[in-house]
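Reader: Could you take me through the charged pairs in this structure, and then the surface?

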Amino acid sequence: MVPFVLPLLFFSFLVGNSKEQLQVGFYSNTCPQAEPTIHVVVRDVVLSEPNMAAILLRLQFHDCFVEGCDGSILIDNGPQSEKLAFAHQWVRGFGVIERAKAQLEASCPGVVSCADIVALAARDAIVMANRPGYQVPTGRREGLVSNLSLETDMTYVDDSIQLLKDKILKKGLTEKDLVLLSCQEVHVPAEFDWQMLDKSKFFFLGAAIFSGVSTTLYPVVVLKTRQQVSQSQVSCMKTTLPLIRGKGFRALYCGFGNSLTGTIPARAL
């Protein structure tokens with residue numbers, strides 16, 4: 001199944017359970033240019049930045065899963081804004097919605113809701129990504145609640161199976177839906193931020209990798225050094241055998257502890 005189909009099933013379910021009386025072509029009389037305008041904005045953005053298709057779809061997922069498809073993730077009400085929640089930290093695409101909204105306000109002021117723009121933009125982005133199109137019932141009202149605490153409804157990659165099931169069932173979905181959505185969802189940051197990484201893990205990893213490589217190559221370094229300081233040319237075999245016979249294999253690691261102690265901190269950093 002193509003990657004976009006399963007999220008579409010999820011959104012279709014939410015639309016079908018919406019409190020508003022939605023209908024296809026809701027703006028056909030009040031703002032007939034609504035859907036064409038949104039399509040042009042999305043088309044231009046996706047052509048210039050192809051991964052924006054997935055970004056806009058993810059924006060709708062995060063908007064719909066919390067309080068329904070009401071555009072509440074777009075509301076900016078200071079430090080308690082829903083969009084600032086940890087669960088939404090990689091969500092983007094707000095500028096695309098604002099651009100479409102600005103154009104529609106110029107031609108149809110106060111008619112098209114941001115919630116509908118999010119839904120239509122996700123649909124058009126999917127089409128631009130060469131995936132099947134689908135009809136979007138419109139007529140959503142704007143959400144009035146944007147609260148940071150609502151992020152607890154979102155699913156997290158470190159949630160237990162039982163917690164994931166509870167969250168999915170709470171939305172009226174099934175355990176099968178959970179399996180399908182989990183198999184398709186891959187969280188890849190649209191923008192890589194080094195400051196958000198736990199760098200301590202990389203410090204230990206770097207030190208461990210360097211230690212393993214050094215342990216493997218150190219005997220070669222010992223033999224090379226002995227050949228370099230030798231007064232006559234001696235083959236590698238003639239250099240190795242006397243060392244092993246006299247002191248055992250430990251001779252190949254003479255001074256290894258001091259070398260490792262001095263270089264591990266530098267390699268970790």
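Author: The salt bridges come first, followed by a surface patch. The model is predicted, with local features requiring pLDDT of at least 70 and side-chain atom pairs pLDDT 80 or more, while totals for chains, interfaces and linings use all residues. Residues are numbered from 1 along each chain as its sequence is written, and side-chain values use heavy atoms, leaving out hydrogens and water.

Reader: How many salt bridges are there by this rule?

Author: The count is eight, where a salt bridge is a side-chain nitrogen of Lys or Arg within 4 Å of a carboxyl oxygen of Asp or Glu.

Reader: Which residue does Arg 140 pair with?

Author: Arg 140 meets Asp 116 in a salt bridge, at 2.6 Å from N to O. Arg 140 lies in the loop between α5 and α6 (161-170), and Asp 116 in helix α5, 24 residues apart. Helices are DSSP runs of H or I with at least four residues, numbered from the N terminus.

Reader: Is Asp 116 buried or exposed?

Author: Asp 116 is buried, at 0% relative accessibility. Buried means under 20% relative accessible area, exposed over 50%, and partly exposed in between, with a 1.4 Å probe and protein chains only. Arg 140 is also buried, at 4%.

Reader: And the surface: which residues form a nonpolar patch there?

Author: Leu 205, Ile 209, Val 213 and Leu 217 form the patch, with about 370 Å² of accessible area together. Patch residues have over 30% relative accessible area and no salt bridge; nonpolar side chains (Val, Leu, Ile, Met, Phe, Trp, Tyr) are joined within 5 Å, like charges within 9 Å. Areas come from the Shrake-Rupley method with a 1.4 Å probe, and for residues only the protein chains shown count as cover.

Reader: Where is Ile 209?

Author: Ile 209 is in helix α8, residues 199-229.

Notes
Helix = DSSP H or I, 4+ residues; strand = E, 2+ residues; numbered from the N terminus.
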